[in-house]
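Please look over the sequence and the fold before reading on. The paragraphs below go through selected parts of the model in turn.

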Amino acid sequence: MRTNVIAGNWKMNKTNAEAVEMLTELKGLVKDVEGVKIVIGAPFTALSDAVKAVEGSNVEIAAENVYPKSSGAYTGEVSPTMLKAIGVKYVILGHSERREYFCETDAFINEKVKAVLAAGMTPILCVGEKLEDREAGRTAQVNETQVREGLKDITAEEAKNIIIAYEPVWAIGTGKTATPEMAQETHKEIRDVLRSMFGAVAEEMVIQYGGSMKPENAAELLAQADIDGGLIGGASLEAASFAKIVLAA
Ligand code: PEP
(Lines give C-alpha, C1' and ligand atoms only; values in the text may rest on other atoms or scores of the structure.)
Protein backbone atom coordinates (compact mmCIF):
# COMPACT_ATOMS: atom_id res chain seq x y z
CA MET A 1 0.00 0.00 0.00
CA ARG A 2 2.90 2.39 0.68
CA THR A 3 5.61 3.02 -1.92
CA ASN A 4 9.18 2.88 -0.65
CA VAL A 5 11.04 6.16 -1.04
CA ILE A 6 14.82 5.83 -1.24
CA ALA A 7 16.39 9.26 -0.83
CA GLY A 8 20.03 10.29 -0.79
CA ASN A 9 21.34 13.18 1.27
CA TRP A 10 24.60 14.41 -0.16
CA LYS A 11 24.99 17.06 2.58
CA MET A 12 27.79 19.58 1.77
CA ASN A 13 29.34 17.41 -0.93
CA LYS A 14 29.74 17.55 -4.71
CA THR A 15 30.44 20.34 -7.15
CA ASN A 16 28.02 20.73 -10.06
CA ALA A 17 30.21 18.64 -12.34
CA GLU A 18 30.46 15.86 -9.74
CA ALA A 19 26.71 15.98 -9.16
CA VAL A 20 25.91 15.63 -12.86
CA GLU A 21 28.44 12.82 -13.26
CA MET A 22 26.95 10.82 -10.36
CA LEU A 23 23.35 11.40 -11.49
CA THR A 24 24.12 10.40 -15.07
CA GLU A 25 25.57 7.12 -13.82
CA LEU A 26 22.72 6.58 -11.36
CA LYS A 27 20.03 7.11 -14.00
CA GLY A 28 21.47 4.28 -16.05
CA LEU A 29 21.72 1.93 -13.07
CA VAL A 30 18.11 2.42 -11.90
CA LYS A 31 16.35 3.00 -15.23
CA ASP A 32 14.36 -0.25 -15.04
CA VAL A 33 13.31 0.17 -11.39
CA GLU A 34 9.56 0.50 -10.85
CA GLY A 35 7.48 0.82 -7.70
CA VAL A 36 10.16 2.74 -5.75
CA LYS A 37 10.54 6.51 -5.60
CA ILE A 38 14.16 7.54 -6.06
CA VAL A 39 15.29 10.93 -4.74
CA ILE A 40 18.65 12.66 -4.40
CA GLY A 41 19.13 15.56 -1.99
CA ALA A 42 21.76 17.93 -3.36
CA PRO A 43 23.32 21.19 -2.09
CA PHE A 44 21.74 24.44 -3.34
CA THR A 45 24.49 25.17 -5.85
CA ALA A 46 23.98 21.85 -7.65
CA LEU A 47 20.17 21.79 -7.67
CA SER A 48 19.53 23.39 -11.03
CA ASP A 49 22.02 21.20 -12.88
CA ALA A 50 20.85 18.15 -10.90
CA VAL A 51 17.22 18.69 -11.98
CA LYS A 52 18.33 18.98 -15.63
CA ALA A 53 20.54 15.88 -15.31
CA VAL A 54 17.61 13.67 -14.20
CA GLU A 55 15.02 15.07 -16.61
CA GLY A 56 12.92 12.30 -18.16
CA SER A 57 14.21 9.68 -15.68
CA ASN A 58 12.76 8.04 -12.56
CA VAL A 59 15.08 10.07 -10.28
CA GLU A 60 13.82 13.23 -8.56
CA ILE A 61 15.70 15.97 -6.74
CA ALA A 62 15.42 17.24 -3.16
CA ALA A 63 16.86 20.33 -1.50
CA GLU A 64 18.47 19.87 1.90
CA ASN A 65 17.04 22.99 3.53
CA VAL A 66 14.88 26.05 2.85
CA TYR A 67 13.90 29.33 4.50
CA PRO A 68 10.17 29.51 5.31
CA LYS A 69 9.33 32.77 3.48
CA SER A 70 8.58 33.18 -0.20
CA SER A 71 10.84 36.24 -0.71
CA GLY A 72 12.26 39.24 1.13
CA ALA A 73 15.17 40.60 3.12
CA TYR A 74 16.70 37.33 4.31
CA THR A 75 20.28 37.60 3.08
CA GLY A 76 21.80 34.31 2.08
CA GLU A 77 18.58 32.30 2.28
CA VAL A 78 16.67 30.34 -0.37
CA SER A 79 12.87 30.25 -0.59
CA PRO A 80 10.43 27.42 -1.39
CA THR A 81 9.26 29.44 -4.43
CA MET A 82 12.81 29.46 -5.81
CA LEU A 83 13.21 25.71 -5.30
CA LYS A 84 9.84 24.93 -6.87
CA ALA A 85 10.67 27.16 -9.87
CA ILE A 86 13.72 25.10 -10.80
CA GLY A 87 11.95 21.74 -10.49
CA VAL A 88 12.86 20.58 -6.98
CA LYS A 89 10.24 18.10 -5.71
CA TYR A 90 11.24 17.39 -2.08
CA VAL A 91 12.90 19.31 0.75
CA ILE A 92 14.74 17.61 3.62
CA LEU A 93 13.84 19.44 6.86
CA GLY A 94 14.96 19.21 10.47
CA HIS A 95 18.01 17.06 9.80
CA SER A 96 19.85 16.46 13.08
CA GLU A 97 22.87 18.36 11.72
CA ARG A 98 20.67 21.43 11.21
CA ARG A 99 19.09 20.98 14.63
CA GLU A 100 22.52 20.73 16.25
CA TYR A 101 24.82 23.08 14.28
CA PHE A 102 22.22 25.69 13.31
CA CYS A 103 20.06 25.48 16.44
CA GLU A 104 16.86 24.76 14.50
CA THR A 105 13.89 24.34 16.79
CA ASP A 106 10.76 22.26 16.25
CA ALA A 107 8.76 25.49 15.85
CA PHE A 108 11.07 26.78 13.09
CA ILE A 109 11.02 23.39 11.37
CA ASN A 110 7.21 23.44 11.55
CA GLU A 111 7.21 26.79 9.69
CA LYS A 112 9.39 25.19 7.01
CA VAL A 113 7.09 22.17 6.68
CA LYS A 114 4.14 24.50 6.07
CA ALA A 115 6.08 26.67 3.61
CA VAL A 116 7.24 23.65 1.59
CA LEU A 117 3.69 22.26 1.42
CA ALA A 118 2.31 25.65 0.41
CA ALA A 119 4.80 25.76 -2.47
CA GLY A 120 3.64 22.34 -3.68
CA MET A 121 6.67 20.26 -2.71
CA THR A 122 7.04 17.30 -0.35
CA PRO A 123 8.72 17.85 3.02
CA ILE A 124 10.93 15.05 4.36
CA LEU A 125 10.79 15.74 8.11
CA CYS A 126 13.72 14.19 9.98
CA VAL A 127 13.27 13.17 13.61
CA GLY A 128 15.43 11.08 15.89
CA GLU A 129 16.79 10.63 19.37
CA LYS A 130 20.38 11.17 20.55
CA LEU A 131 22.32 8.38 22.24
CA GLU A 132 21.73 9.88 25.70
CA ASP A 133 17.97 9.92 25.02
CA ARG A 134 17.98 6.25 24.05
CA GLU A 135 20.09 5.31 27.08
CA ALA A 136 17.75 7.23 29.38
CA GLY A 137 14.66 5.50 27.92
CA ARG A 138 13.42 8.71 26.26
CA THR A 139 13.40 7.48 22.62
CA ALA A 140 9.61 7.36 22.18
CA GLN A 141 9.09 10.66 23.98
CA VAL A 142 11.74 12.55 21.95
CA ASN A 143 10.41 11.29 18.63
CA GLU A 144 6.81 11.98 19.62
CA THR A 145 7.65 15.58 20.52
CA GLN A 146 9.56 16.15 17.26
CA VAL A 147 6.72 14.66 15.19
CA ARG A 148 3.93 16.54 17.03
CA GLU A 149 5.75 19.88 17.05
CA GLY A 150 7.13 19.53 13.53
CA LEU A 151 3.64 18.75 12.19
CA LYS A 152 1.72 21.19 14.40
CA ASP A 153 -1.44 22.54 12.68
CA ILE A 154 -0.99 20.23 9.69
CA THR A 155 -4.24 18.69 8.40
CA ALA A 156 -4.74 15.02 7.57
CA GLU A 157 -5.09 15.98 3.90
CA GLU A 158 -1.70 17.76 4.01
CA ALA A 159 -0.12 14.89 5.94
CA LYS A 160 -0.65 12.59 2.94
CA ASN A 161 2.12 14.53 1.22
CA ILE A 162 4.64 14.45 4.08
CA ILE A 163 7.46 11.96 4.55
CA ILE A 164 8.96 11.28 7.97
CA ALA A 165 12.59 10.17 8.17
CA TYR A 166 13.40 8.45 11.45
CA GLU A 167 17.12 8.97 11.96
CA PRO A 168 18.57 7.94 15.33
CA VAL A 169 21.27 10.58 15.73
CA TRP A 170 23.73 8.04 17.15
CA ALA A 171 23.51 6.05 13.89
CA ILE A 172 24.16 8.92 11.44
CA GLY A 173 27.56 8.73 9.82
CA THR A 174 28.86 6.50 12.60
CA GLY A 175 28.61 3.11 10.92
CA LYS A 176 26.29 2.08 13.79
CA THR A 177 22.89 1.02 12.50
CA ALA A 178 19.80 0.41 14.57
CA THR A 179 18.98 -3.30 14.36
CA PRO A 180 15.97 -3.93 12.12
CA GLU A 181 13.93 -4.84 15.21
CA MET A 182 14.97 -1.68 17.06
CA ALA A 183 14.18 0.48 14.02
CA GLN A 184 10.82 -1.25 13.48
CA GLU A 185 9.84 -0.68 17.11
CA THR A 186 10.47 3.07 16.82
CA HIS A 187 8.84 3.31 13.38
CA LYS A 188 5.74 1.68 14.85
CA GLU A 189 5.75 4.16 17.75
CA ILE A 190 6.02 7.03 15.26
CA ARG A 191 3.16 5.62 13.17
CA ASP A 192 1.06 5.37 16.36
CA VAL A 193 1.70 9.08 16.97
CA LEU A 194 0.76 9.86 13.35
CA ARG A 195 -2.43 7.79 13.75
CA SER A 196 -3.40 9.76 16.83
CA MET A 197 -2.86 12.99 14.84
CA PHE A 198 -4.20 12.06 11.40
CA GLY A 199 -6.28 8.90 11.83
CA ALA A 200 -6.28 6.45 8.91
CA VAL A 201 -3.99 8.72 6.84
CA ALA A 202 -1.12 7.45 9.03
CA GLU A 203 -1.27 4.14 7.16
CA GLU A 204 -0.47 5.98 3.90
CA MET A 205 2.44 7.99 5.30
CA VAL A 206 5.97 6.99 4.37
CA ILE A 207 8.39 6.62 7.29
CA GLN A 208 11.97 6.25 6.10
CA TYR A 209 14.85 4.90 8.17
CA GLY A 210 18.15 6.80 8.13
CA GLY A 211 21.41 6.05 9.90
CA SER A 212 24.26 4.19 8.19
CA MET A 213 21.93 2.43 5.75
CA LYS A 214 24.09 0.71 3.13
CA PRO A 215 23.80 -2.06 0.52
CA GLU A 216 24.68 -4.70 3.15
CA ASN A 217 21.89 -3.85 5.61
CA ALA A 218 19.22 -2.23 3.42
CA ALA A 219 17.16 -5.32 2.54
CA GLU A 220 16.75 -6.38 6.17
CA LEU A 221 15.75 -2.89 7.31
CA LEU A 222 13.37 -2.37 4.39
CA ALA A 223 11.69 -5.72 5.08
CA GLN A 224 10.25 -4.34 8.35
CA ALA A 225 6.52 -3.63 8.31
CA ASP A 226 6.73 0.08 9.16
CA ILE A 227 9.95 0.97 7.30
CA ASP A 228 9.01 2.50 3.95
CA GLY A 229 12.35 3.50 2.51
CA GLY A 230 15.58 5.13 3.55
CA LEU A 231 17.33 8.46 3.89
CA ILE A 232 20.92 7.73 3.04
CA GLY A 233 23.96 9.91 3.63
CA GLY A 234 27.37 8.34 3.05
CA ALA A 235 26.18 5.52 0.77
CA SER A 236 24.36 7.99 -1.51
CA LEU A 237 27.58 9.65 -2.70
CA GLU A 238 28.50 6.84 -5.09
CA ALA A 239 26.00 5.83 -7.78
CA ALA A 240 26.80 2.11 -7.45
CA SER A 241 26.17 1.85 -3.69
CA PHE A 242 23.04 4.02 -3.82
CA ALA A 243 21.65 2.00 -6.73
CA LYS A 244 22.18 -1.22 -4.75
CA ILE A 245 19.99 0.19 -1.95
CA VAL A 246 17.35 1.19 -4.51
CA LEU A 247 17.40 -2.35 -5.90
CA ALA A 248 17.08 -3.79 -2.38
CA ALA A 249 13.81 -1.88 -2.02
C1 PEP B 1 21.90 11.25 6.98
O2 PEP B 1 22.72 12.14 7.03
O3 PEP B 1 20.70 11.55 6.80
C4 PEP B 1 22.35 9.88 7.14
C5 PEP B 1 21.48 8.95 7.40
O6 PEP B 1 23.71 9.65 7.00
P7 PEP B 1 24.46 8.23 6.95
O8 PEP B 1 23.69 7.36 6.00
O9 PEP B 1 25.83 8.54 6.44
O10 PEP B 1 24.44 7.68 8.33
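What follows covers a strand, two helices, the ligand surroundings and a few single residues.

This is a predicted model, in which local features need pLDDT of at least 70, side-chain atom pairs count only at pLDDT 80 or more, and totals for chains, interfaces and linings use all residues. Residues are numbered from 1 along each chain as its sequence is written, and side-chain values use heavy atoms, with hydrogens and water left out. Helices (H or I, at least four residues) and strands (E, at least two) are DSSP runs, numbered from the N terminus.

Begin with strand β5, residues 122–127. Buried means under 20% relative accessible area, exposed means over 50%, and partly exposed lies in between, with a 1.4 Å probe and protein chains only. In β5, 6 of the 6 residues are buried, so the strand is largely enclosed by the rest of the structure. In a regular strand the side chains alternate between the two faces of the sheet. In β5, Thr122, Ile124 and Cys126 point one way, while Pro123, Leu125 and Val127 point the other way, and all are buried.

Which strands pair with β5? Two strands pair if DSSP finds at least two bridges between them. Strand β4 (residues 90–93) is joined to β5 by 4 bridges, and the two run parallel. Strand β6 (residues 163–166) is also joined to β5 by 4 bridges, again in parallel. Leu125 can be used to find the register on both sides: Leu93 stands opposite Leu125, and Leu125 stands opposite Ile164 in β6.

Next comes helix α1, with 15 residues (16–30). The expected span of a helix is 1.5 Å times one less than its number of residues. For α1 this gives 21 Å, and the end C-alpha atoms are 21 Å apart, which agrees. Its buried residues are Ala19, Met22, Leu23, Leu26 and Val30. Seen down the helix axis, these buried residues fall within an arc of 100°, so they line one face of α1; the arc is that of the directions from the helix axis to the C-beta atoms. An α-helix has 3.6 residues a turn, so residues three or four places apart point the same way. On the other side of α1, Ala17 and Glu21 are exposed.

What covers the buried residues of α1? The cover, counted by contact (heavy atoms within 4.5 Å), includes β2 (36–42), α2 (44–53), β3 (59–63) and α11 (239–248). In α11, the residues Ala239, Ser241, Phe242, Ala243, Ile245 and Val246 are buried. The elements that cover them include β1 (4–9), α1, β2, α10 and β8.

The loop between β8 and α11 holds Gly234, which leads to the ligand. A residue is near a molecule or strand if one of its heavy atoms lies within 4 Å of it. Of the 14 residues around the ligand, Lys11, Glu167, Gly173, Ser212 and Gly234 come nearest. A polar contact is a pair of N or O atoms within 3.5 Å; within protein, one must be able to donate a hydrogen and the other to accept it, and residues adjacent in sequence count only if both atoms are side-chain atoms. Gly173 has a backbone N or O atom 2.7 Å from an oxygen atom of the ligand. For Ser212, a backbone N or O atom likewise lies 2.7 Å from an oxygen atom of the ligand. A polar backbone atom of Gly234 is 2.8 Å from an oxygen atom of the ligand. Gly234 counts as exposed, at 61% relative accessibility. Gly234 and Ile92 are 142 residues apart in sequence and 16 Å apart in space, C-alpha to C-alpha.

Some loop residues remain. Asp226 lies between α10 (215–222) and β8 (229–232). Is Asp226 buried or exposed? At 11% relative accessibility, Asp226 counts as buried. Leaving out residues up to four places away in sequence, Asp226 touches Arg2, Gln184, His187, Lys188, Arg191 and Ile207.

Two residues have a positive phi without being glycine. Lys14, in the loop between β1 and α1, has a phi of about 85° and is partly exposed, with a relative accessible area of 21%. Asp153, in the loop between α7 (139–150) and α8 (156–159), has a phi near 65° and counts as exposed at 60% relative accessibility.
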